[in-house]
Amino acid sequence: MENLRPNSANPKADLIYRRKKNAEEMRYQVVSFALMIFLTLIAFAAVHFDGFSHWFVAPFIMLLAVVQVIFQLYYFMHMSHKGHETPQLFLFSGLAVALITVLTFVTITWI
Amino acid sequence: MAAVQDKFTEMTWPSSPEKATLEAKNKFLGFWFFLGGETVLFGSLFATYLALKDKVPDSSHPLAKDLYSMELTFAATMLLLTSSLTSVYAMYHMKNFNFQRMQAWLLITVLLGAAFLGLEIYEFSHYVHEGHTFTSSAFGSAFYSLVGFHGGHVAFGLLWILSLMVRNAKRGLDLYNAPKFYVASLYWHFIDVVWVFIFTVVYLMGMVG
């Protein structure tokens, strides 16, 4: 694994390389943040603007939320990095149970 | 393998300090397992809310579309989204072995989280004045369970990050505390993930009707 690799024979070059890599990753993080804010603005605007039907707005803002959460999980929480296979298994297992629960409660319960 | 008691300089600091020791790896996996469980917990609360939304005993009770305010929800969303980015900045400085900057960004994260919590407390007290309480209807119980559980997570996250900051203020960064900071930031992002669904499913869909 990458983190077990001893630092290179030239620690100074190694440090400069890692600094650069971290800075590059941080730029991607800021870009994904900008996209997340943008998606949020669209969702609020779609609800604020009265012209759309409920049947369009509800699925549309749900889709925006899912896209935004993918950014959050894969960039902010680093799930796109290698070494995250087991975290993905854990999270998606939980998500599967959660989605089945939601599906059940919105379809076959009545109060 | 690097050990928790080792002293580091920015030259010797590993590139993935959050996974550089066995304990760190275990913490990392264990925490993701916990987040899987949290997903199930919030899934159940969302399911309950969706089933009980607007289920009130009579027409004197306010419904979702009478209660929710777009301005307040928008402000709360911006605060929490921004706090997610500031904790990313904190972890960026952690990876660069810059303890002071990490602490500074964590402090900004905590302040934004506290502002979010303040807005939520204001919102809840406003609803109580309008007759929407935990015991007033099934809708009220489901609403406060879901949103309140999330608010409780925010409060816990604030205390967690603050404790880490205070406890390690004089210690600086090492492989003992770097995984702790990393895991706390994962928790904070997860709180934001849940909020994305709350502002969409509860507030925005509630306003649409």
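This is a short tour of a two-chain model, with a suggestion at each stop for what to select next.

**Before you start**

Keep in mind that you are looking at a predicted model. For the complex, the predictor reports an ipTM of 0.91 and a pTM of 0.93. If you colour by confidence, chain B averages a pLDDT of 96, with 100% of its residues scoring at least 70. Chain A has a mean pLDDT of 90, and 92% of its residues reach 70 or more. Where pLDDT is low, the predicted coordinates should not be read in detail.

**Stop 1: select chain A**

Show chain A as a cartoon and you'll find three helices and zero strands. From the N terminus on, the elements run α-α-α. Now turn the chain around: its C-alpha atoms fill a box of roughly 70 × 35 × 15 Å along the principal axes. How does the radius of gyration of chain A sit against that of a compact globule of 111 residues? Chain A has 21 Å, while such a globule would have a radius of gyration near 13 Å.

Pick out helix α1 (residues 11–48) of chain A, which has the lowest mean pLDDT among the elements of this chain, at 94. Helix α3 (residues 85–107) of chain A has the highest, at 96.

Next, colour residues 28–49, 55–77 and 89–110 of chain A, which an unreviewed UniProt entry annotates as "transmembrane region". Try a distance across two of these. Residues 28–49 of chain A are 95% helix and 0% strand, and their end C-alpha atoms lie 31 Å apart. For residues 55–77 of chain A, the figures are 96% helix, 0% strand and 32 Å between the end C-alpha atoms.

**Stop 2: select chain B**

Over in chain B there are six helices and zero strands, in the pattern α-α-α-α-α-α along the sequence. The C-alpha trace of chain B spans about 65 × 30 × 25 Å along its principal axes.

UniProt (again an unreviewed entry) places "transmembrane region" at residues 29–52, 72–92, 104–122, 142–166 and 186–206 of chain B. Highlight residues 29–52 of chain B: the span is 100% helix and 0% strand, with end C-alpha atoms 35 Å apart. Then jump to residues 186–206 of chain B, which are also 100% helix and 0% strand; here the end C-alpha atoms are 29 Å apart.

**Stop 3: where the chains meet**

Bring both chains back and select the contact, which takes 50 residues from chain B and 49 residues from chain A. On the side of chain B that touches chain A, the elements giving two or more residues are α1 (22–52), α3 (70–95) and α6 (178–208) of chain B. Which of the elements gives the largest share of that side? It's α1(B), with 17 residues. Colour this side of chain B by class and you get 30 nonpolar, 15 polar and five charged residues.

**Stop 4: one helix pair up close**

Two packed helices are described by the angle between their axes and the distance between the axes. Hide everything but helix α2 (residues 54–76) of chain A and α6(B), which pack at an angle of about 175 degrees with their axes 10 Å apart. Angles over 145 degrees count as roughly antiparallel, so α2(A) is roughly antiparallel to α6(B).

Turn on side chains for the contact residues. On α2(A) they include His54(A), Ile61(A), Met62(A), Gln68(A) and Phe76(A). Among those on α6(B) are His189(B), Asp192(B), Phe197(B), Thr200(B) and Val208(B). By class, this helix contact has 14 nonpolar, five polar and one charged residues.

Conventions. Residues numbered from 1 in each chain as written. Chains lettered and ligands numbered in written order. Predicted model: local features only at pLDDT ≥ 70, side-chain atom pairs only at ≥ 80, totals over all residues. UniProt positions renumbered as here; feature names shortened; annotations may be inferred. Helix = DSSP H or I, 4+ residues; strand = E, 2+ residues; numbered from the N terminus. Contact = placed C-beta atoms within 7 Å. Nonpolar A, V, L, I, M, F, W, Y, C, P; charged D, E, K, R; others polar. Axes fitted to C-alpha atoms, helices over the stretch in contact; angles between N-to-C directions. Parallel < 35°, antiparallel > 145°, perpendicular 65-115°, else oblique. pLDDT = per-residue confidence, 0-100. Rg over C-alpha atoms; globule rule 2.2 N^0.38 Å.
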